[in-house]
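Biologist: Got a minute to walk me through this one? I'd like to start with the ligand and then move on to the charged pairs.

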Amino acid sequence: MGYSLAGFQSEMGISEEDRNSDWWAWVHDPVNIGTGIVSGDLPENGIGYWDLYERYHNLAVETGMDTARLGIEWSRIFPESTAGVKVTVDYDGHDLVSVDVDDRALEHLDRLANMRAVEHYRKIFSDVRERGMKLIINAYHWPIPIYLHDPIESRDSGLRNKRNGWLNHDTVVEFVKYAKYIAWKFEDLADMFSIMNEPNVVCGAGYFNPKAGFPPGFPSPEGGLLAKKHEIEAIARAYDAMKEATGKPVGLIMANGDIQAFSDEDHEAAEVATHSERYSFVDPLRTGEMKWVEALSQGRSFREKSAGYREDLADKLDWIGVNYYSRSVVRKSGQGYRVLGGYGYSATAGMRSKGGREVSDSGWEVYPEGLLNVLSSYWERYGLPMIVTENGIADASDRLRPGYLVSHMKYVERAIEKGMDVRGYLHWSLLDNYEWASGFSMKFGLYGVDLRTKKVQTRPSALVFKEIARARCVPEELEWMVQE
Ligand SMILES: OC[C@@H]1[C@@H](O)[C@H](O)[C@@H](O)c2[nH]c(CCc3ccccc3)c[n+]21
């Protein structure tokens, strides 16, 4: 049991601002701040993990945690372009079927890398290991180096500019170089690697749902589907490259909602939604079966379409990270689906959900049984080892979090009792942090952090977590907290 965090959301606050990413440009953009698409909070005013990691790791150990999933920022390791590093790339038509990063390329990357950043990440990771904790290193948690994705240019040019992030195969090739370098450089400190965190949210929020406040915030179903295809190729090519540098398990972390039909005539819609948001990412990386979800009627509805078999994508995952917070209730819409407001991730903060459930500060319905449903869905379809890599709640008053913790962990226990191979539970998160477009207003931490003084406040649910961690199960005396 432990916690997950991401670099851009936690590192800055005291020193070492990393200004070289699309997300940095995105959250500092005056137009985005003026239109309210981002909060105006800035990551450089954050919790300062880069400097305070020993204090925070002390907290994790005191809370009974034995595992940390931490991210590395691509733009810190390679602040300048790596395009000059020669690698062998093979295409089959538009399909990127191999990227060979040989030792000469690794030596070249090592000369280009920001060695101060490499060494500092080694200090942070060594500190985790020296405390007897396990370490999962995640290579990518959303920010892309600015020389590969200028989100303001992309937004203002309607995606017609050059530096277009996941829309370009260049980004895939440079990502594979970076991912192999990470595996090569940190192999001795990691217990496991994750290639990406939530590729489905990156393309979904960036191109299908501009209100989410993600770069480049340009509505383009075609763009979203192309970004999705390139992300899947990036994961497969990075897996191949990383496995040349390490024998440690290499997996993928996916965002999930428990997708449910509103009524009996919406079951097909729920199937299409589950394919579009979950299986269409992971199927190709297991079986090579590239299913396609065609955007119909200006992206308001979607239809499943087979795009054929790709041998070069099959068998590219050793484990799956399951991020789960809430459900999604869907209705039929044309040949596809639409998500219903009032339920799951689309509920409203400050009022009960349409299902009569509690709702978090971020408007997400508390729906613990969905975690068991999502774990079952992955287990039945793929049979791969799983880790709950994110589960948590924006809850500044800590009114809901104790019950949220107990209820969701009970469902993890249920999954294990049912024979599913669930290796761990990582809470999002140990500490409050920078919640992307929402900034610092959403408090996900078991511990609060005063951003001016960097002083830590213990929330009662940190003590609940400690009890559960110490008992290695949900103790009977805590079960009263689950408001059924
Ligand atoms: O919002 C809390 C956390 C973020 O801080 C993490 O960086 C990110 O990995 C993350 N993902 C999710 C779930 C996102 C989601 C929303 C709606 C539907 C499906 C997934 C929640 N969170």
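Biologist: Which residues come nearest to the ligand?

Modeller: Bear in mind that we're looking at a predicted model. There are 15 residues around the ligand. Those that come nearest are Gln9, His141, Glu198, Glu390 and Glu435.

Biologist: And which atom type of the ligand lies 2.7 Å from a polar side-chain atom of Glu198?

Modeller: Let's go through the side chains in turn. Gln9 has an N or O atom in its side chain 2.7 Å from an oxygen atom of the ligand, and a polar side-chain atom of His141 lies 2.8 Å from a ligand oxygen too. For Glu198 the ligand partner, at 2.7 Å, is a nitrogen atom.

Biologist: How much of the ligand's area does the protein bury?

Modeller: Take the ligand alone and it exposes 490 Å². With the protein around it, the share of that area that gets buried is 86%.

Biologist: On to charges, then. How many salt bridges does a search of the whole structure find?

Modeller: The count covers the whole structure, and a pair needs a Lys or Arg side-chain nitrogen within 4 Å of a carboxyl oxygen of Asp or Glu. With that cut-off, the search comes back with 40.

Biologist: How many residues apart in sequence are the parts that Asp66 and Arg472 tie together?

Modeller: Asp66 and Arg472 form a salt bridge, with their closest N and O atoms 3.8 Å apart. Asp66 sits in the loop between helix 4 and strand 2, while Arg472 belongs to the segment after helix 15, so the parts they tie together are separated in sequence by 406 residues.

Biologist: In the salt bridge of Arg381 and Asp283, which helix does each come from?

Modeller: Their side chains meet at 2.7 Å, N to O. The pair ties together parts 98 residues apart in sequence, because Arg381 lies in helix 13 and Asp283 in helix 12.

Biologist: Is Asp283 buried or exposed?

Modeller: Its partner Arg381 has 36% relative accessibility, so Arg381 counts as partly exposed. Asp283 has a relative accessible area of just 3%. Under 20% is the cut-off, so Asp283 is buried.

Biologist: What about Glu358 and Arg399: which of them is exposed?

Modeller: These two meet in a salt bridge at 3.5 Å, N to O. The pair links distant parts of the chain, 41 residues apart, with each residue in a loop. Glu358 has a relative accessible area of 16%, which makes it buried. At 52%, the exposed one is Arg399.

Biologist: Which residues do salt bridges with shared partners join into one network?

Modeller: Here the bridges connect through common partners, making one network. Its members are Asp95, Lys229, Glu233, Arg237, Asp240, Arg310, Asp312 and Lys316.

Biologist: Let's switch to helix 7. How far does it reach from its first C-alpha to its last?

Modeller: Helix 7 runs over residues 115-130, which is 16 residues. At 1.5 Å a residue you'd expect 22 Å, and the model's span is close to that: 22 Å.

Biologist: What do the buried residues of helix 7 pack against?

Modeller: The buried set includes Tyr121, Ile124 and Phe125. Together, the buried residues of helix 7 pack against helix 4, strand 2, helix 5, strand 5 and helix 9.

Biologist: Last one: which residue with a positive phi follows helix 7?

Modeller: At the start of helix 7, a side-chain oxygen of Asn114 reaches to within 3.1 Å of the backbone nitrogen of Arg116. After the helix comes a residue with phi near 80 degrees, and that's Gly132.

Methods. Residues numbered from 1 in each chain as written. Predicted model: local features only at pLDDT ≥ 70, side-chain atom pairs only at ≥ 80, totals over all residues. Heavy atoms only, no water. Helix = DSSP H or I, 4+ residues; strand = E, 2+ residues; numbered from the N terminus. Buried < 20%, exposed > 50% of the residue type's maximum accessible area, 1.4 Å probe, protein only. Expected span 1.5 Å × (residues − 1). Contact = heavy atoms within 4.5 Å. Polar contact = N/O pair within 3.5 Å; in protein donor to acceptor, adjacent residues only side chain to side chain. Near = heavy atom within 4 Å. Areas by Shrake-Rupley, 256 points an atom, 1.4 Å probe, with all protein chains shown as cover.
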